[in-house]
Amino acid sequence: MNKQVILKVLLITFLTALGGVAIAGKVTAIEKHEMMAKHHEMAAMHHEMAIESHKIAAKANKEAAKHHHAAAQSFAKGDKAQAQKHVGLAQQSWAAAHKAANEASEHAKAAGDSAGM
């Protein structure tokens, strides 16, 4: 074989190998972006779950406030038994609000973890 034929064969071999690397690079980029899309979808799901937990916490806090108002009115009327009942219900509502707020916090953290933050 003469020198030109050998150089052409080597050049074609090199370009073919280089093209394979470029294609492999594209596959890697595609896979990377698909993986990142899944991470963002998971983050969005966790944000939605955090929002729902915040709604539950807000509702429970409103319920606790309602019972504290009722307890204050019962104490003002001198009805200590009724006031204590409302205090107990307010504490239960506050505990539910606290639990929901903690769940919201966990979901917000998971959202950040899923998005790689």
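**Close-up views of a two-helix chain**

At 34% relative accessibility, Met49 counts as partly exposed, because that class runs between buried (under 20% relative accessible area) and exposed (over 50%), with a 1.4 Å probe and protein chains only as cover. This is a predicted model, in which local features need pLDDT of at least 70 and side-chain atom pairs count only at pLDDT 80 or more, while totals for chains, interfaces and linings use all residues. Residues are numbered from 1 along each chain as its sequence is written, and side-chain values use heavy atoms, leaving out hydrogens and water.

**View 1. The whole chain.** The chain has two helices and zero strands. Both kinds of element are DSSP runs, numbered from the N terminus: helices are H or I with at least four residues, strands are E with at least two. Of the 117 residues, 21% count as buried. The accessible surface comes to about 8,900 Å², computed by the Shrake-Rupley method with a 1.4 Å probe; for residues, only the protein chains shown count as cover. Carbon and sulfur atoms hold 66% of that surface. A contact means heavy atoms within 4.5 Å. Among contacts with a separation of 6 or more, 71% join residues 24 or more positions apart.

**View 2. Met49 and its patch.** Met49 is found in helix H1. Its C-alpha atom is separated by 7.1 Å from that of Ala104, 55 residues away along the chain. Met42, Met45 and Met49 form a nonpolar patch on the surface. Together they have about 250 Å² of accessible area. Patches take residues with over 30% relative accessible area and no salt bridge (a side-chain nitrogen of Lys or Arg within 4 Å of a carboxyl oxygen of Asp or Glu). Nonpolar side chains (Val, Leu, Ile, Met, Phe, Trp, Tyr) are joined within 5 Å, like charges within 9 Å.

**View 3. His46 against His107.** His46 lies in helix H1, residues 3-77. His46 counts as buried because its relative accessibility is 13%. Its side chain makes a polar contact with the side chain of His107, at 3.4 Å. Such a contact is a pair of N or O atoms within 3.5 Å; within protein, one must be able to donate a hydrogen and the other to accept it, and residues adjacent in sequence count only if both atoms are side-chain atoms. Leaving aside residues up to four places away in sequence, His46 touches His107, Ala110, Ala111 and Ser114.

**View 4. Along helix H2.** Helix H2 covers residues 80-114 and has 35 residues. Its buried residues include Ala83, His86, Ala90, His107 and Ser114.

Technical notes. The expected span of a helix is 1.5 Å times one less than its number of residues.
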